Amino acid sequence: MKAKVDADTCIGCGLCEQICPEVFRMEGDKAVVKVGTVPNEAEATCRDTADQCPVTAITIE
Ligand code: SF4
């Protein structure tokens, strides 16, 4: 499973880094995905994070 952040959509709220720091980190005022593949143990949290992003900037594939 992979996660992506659409930098044009991200408003830099920091929520994803708070919920799932295994996958997301803030770089300046945007979130980035810091892993190529989401670790198995972080998949559920990562999906939750995508659901909770206020602007739906996170996609999972
Ligand atoms: S939760 Fe969404 S809007 Fe907030 S920093 Fe993460 S990707 Fe950006």
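Here are six short exercises with worked solutions on this predicted model.

**Exercise 1. The overall plan**

Task: Work out which elements make up the protein and in what order they run from the N terminus.

Solution: Start by counting the elements: the secondary structure comes to two helices and four strands. Next, walk along the chain from the N terminus, and you will read β-α-β-β-α-β. Now turn to the dimensions. Along the principal axes, the C-alpha atoms fill a box of roughly 25 × 20 × 20 Å. The radius of gyration of the protein is 10 Å, which agrees with the value near 10 Å that a compact globule of 61 residues would have. Two percentages complete the picture. Buried residues account for 23% of the 61 residues. Among contacts with a separation of 6 or more, 53% are between residues 24 or more positions apart.

**Exercise 2. The hairpin**

Task: Describe how strands E2 and E3 are joined, and look at what lies between them.

Solution: First find the strands: E2 covers residues 24-27 and E3 covers residues 30-33. They run antiparallel and are joined by four bridges. Then pick out individual partners. Arg25 has Val32 as its bridge partner in E3, and Met26 has Ala31. Finally, look at the turn. Two residues sit between the strands of this hairpin, and Gly28 takes a positive phi near 65 degrees.

**Exercise 3. The two sides of helix H2**

Task: Sort residues of H2 into buried and exposed, and explain how the buried ones are arranged.

Solution: Begin with the buried residues of H2, which spans residues 43-52: they are Cys46, Thr49 and Ala50. Seen down the helix axis, these buried residues fall within an arc of 100 degrees, so they line one face of H2. The general geometry helps here: an α-helix has 3.6 residues a turn, so residues three or four places apart point the same way. Now turn the helix around. The face away from the buried side carries the exposed residues Ala44, Asp48 and Asp51. As a last step, ask what covers the buried residues of H2. The cover includes strand E1 (3-5), helix H1 (15-19), E2 and strand E4 (58-60).

**Exercise 4. The ligand shell**

Task: Identify which residues come nearest to the ligand and say how the shell divides by residue type.

Solution: There are 14 residues around the ligand, and Cys10, Cys13, Cys16, Ala31 and Cys53 come nearest. By type, the shell has twelve nonpolar residues, two polar ones and no charged ones. One link to Exercise 2 is worth noting: Ala31 is also the bridge partner of Met26.

**Exercise 5. Neighbours in the loop between H2 and E4**

Task: Ala57 and Thr56 both belong to this loop; decide for each whether it is buried or exposed.

Solution: Use the count of other C-beta atoms within 10 Å, where 20 or more means buried and 12 or fewer means exposed. Ala57 has 20 such atoms and is therefore buried. Thr56 has 11, so Thr56 is exposed. Next, check the contacts of Ala57. Leaving aside neighbours within four places in sequence, Ala57 is in contact with Val5, Asp6, Thr9 and Cys10. Pro21, by contrast, is 36 residues from Ala57 along the chain, and their C-alpha atoms are separated by 16 Å. Finally, look at the backbone of Thr56: its phi is positive, about 50 degrees, although Thr56 is not a glycine. For background, most residues other than glycine have a negative phi.

**Exercise 6. Two partly exposed residues**

Task: Place Glu17 and Lys34 in the fold and list their contacts beyond four places in sequence.

Solution: Take Glu17, which is found in helix H1. Glu17 is partly exposed, with 17 other C-beta atoms within 10 Å. Beyond its sequence neighbours, Glu17 is in contact with Phe24, Arg25, Met26 and Ala31. Val5 lies twelve residues from Glu17 in sequence and 12 Å away, C-alpha to C-alpha.

Now take Lys34, in the loop between E3 and H2. Lys34 is also partly exposed, with 13 other C-beta atoms within 10 Å. With its neighbours within four places left aside, Lys34 is in contact with Val23, Phe24 and Arg25. To finish, follow Lys34 to Ala3: they are 31 residues apart in sequence, and their C-alpha atoms are 9.4 Å apart in space.

Notes
Residues are numbered from 1 along each chain as its sequence is written. This is a predicted model: local features need pLDDT of at least 70, side-chain atom pairs count only at pLDDT 80 or more; totals for chains, interfaces and linings use all residues. A residue is near a molecule or strand if its C-beta atom, placed from the backbone, lies within 6 Å of it. Ala, Val, Leu, Ile, Met, Phe, Trp, Tyr, Cys and Pro count as nonpolar, Asp, Glu, Lys and Arg as charged, and the others, Gly among them, as polar. Two strands pair if DSSP finds at least two bridges between them. The arc is that of the directions from the helix axis to the C-beta atoms. Two residues are in contact if their C-beta atoms, placed from the backbone, lie within 7 Å. The radius of gyration is taken over C-alpha atoms; the globule rule is 2.2 Å times the number of residues to the power 0.38.
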